[in-house]
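Q: Hi, got a minute to walk through a model together? Let's start by pulling it up.

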Amino acid sequence: MKDVNDNHGHDAGDLVLCETARRLVAAVRRADIVARLGGDEFAVVYELNDPSSLDLVDRLDRALRAPIGIGPTTWVSCPASIGLADTRTAGYDAADLIAAADEAMYDVKRARRAATASTR
């Protein structure tokens, strides 16, 4: 998101955030919760054991992988780094769940950077 703001301005960044939120809401079920935590971080709360949630991460990834139009001829890509946490491993405390998901997200980001570095 920093790249979008730096290269295209904050209005473009706001467009990306709004489109990201719209795509997240469109990808989840009505019973699920989508919330912006701050900056470009969002949380999705859903029932893990529901059969319709089994492919949720794939749906979210596909929804966020598509480029976002920020002008008549300008598109940006902002793929997601999705960190998962659930009550079986992190407990029921909201702060603990968010911290576990945040750590998992950074694991995904580190793995992506390592994979990119190894292909250079």
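A: Sure, here is a chat about the pocket and the nonpolar cores of this predicted model.

Q: How much space lies in the largest pocket?
A: About 1500 Å³.

Q: And how many residues line the largest pocket, and which lie nearest its centre?
A: The lining has 49 residues, and Phe42, Ala43, Ser81, Ile82 and Gly83 lie nearest the centre.

Q: Which helices and strands each supply at least two residues of that lining?
A: On the helix side they are H1 (2-8), H2 (10-27), H3 (56-65), H4 (87-90) and H5 (94-118). Strands E1 (33-38) and E2 (41-45) do so too.

Q: Where does the largest share of the lining come from?
A: From H5, which gives 10 residues.

Q: How do the lining residues divide into nonpolar, polar and charged?
A: There are 30 nonpolar residues, eight polar and 11 charged.

Q: OK, switching topic. Which residues make up the largest nonpolar core?
A: Seven of them: Leu24, Ala27, Val28, Leu56, Leu60, Leu64 and Ala80. H2 and H3 are the elements that give two or more residues to this core, and H3 gives the most, with three.

Q: What is valine 28 in contact with, leaving aside neighbours within four places in sequence?
A: Valine 28 touches two other members of that core, Leu56 and Leu60. Its contacts also include Val34, Val44 and Arg59.

Q: What lies apart from this core?
A: Another core, of six residues, including Val4, Ala12, Ile68 and Val76.

Technical notes: Residues are numbered from 1 along each chain as its sequence is written. This is a predicted model: local features need pLDDT of at least 70, side-chain atom pairs count only at pLDDT 80 or more; totals for chains, interfaces and linings use all residues. Side-chain values use heavy atoms; hydrogens and water are left out. On a 1 Å grid over the protein atoms alone, a cavity is a set of points where a 1.4 Å probe fits but cannot get out, and a pocket is an open set with protein on both sides within 12 Å along at least five of seven lines; lining residues have an atom within 4 Å of a point. Grid points are joined across faces, edges and corners, and a volume is the space filled by probe spheres set on the points. Helices (H or I, at least four residues) and strands (E, at least two) are DSSP runs, numbered from the N terminus. Ala, Val, Leu, Ile, Met, Phe, Trp, Tyr, Cys and Pro count as nonpolar, Asp, Glu, Lys and Arg as charged, and the others, Gly among them, as polar. A nonpolar core is a set of buried Ala, Val, Leu, Ile, Met, Phe, Trp, Tyr and Cys residues joined through side-chain atoms within 4.5 Å. Buried means under 20% relative accessible area, exposed over 50%, partly exposed in between (1.4 Å probe, protein chains only). Contact means heavy atoms within 4.5 Å.
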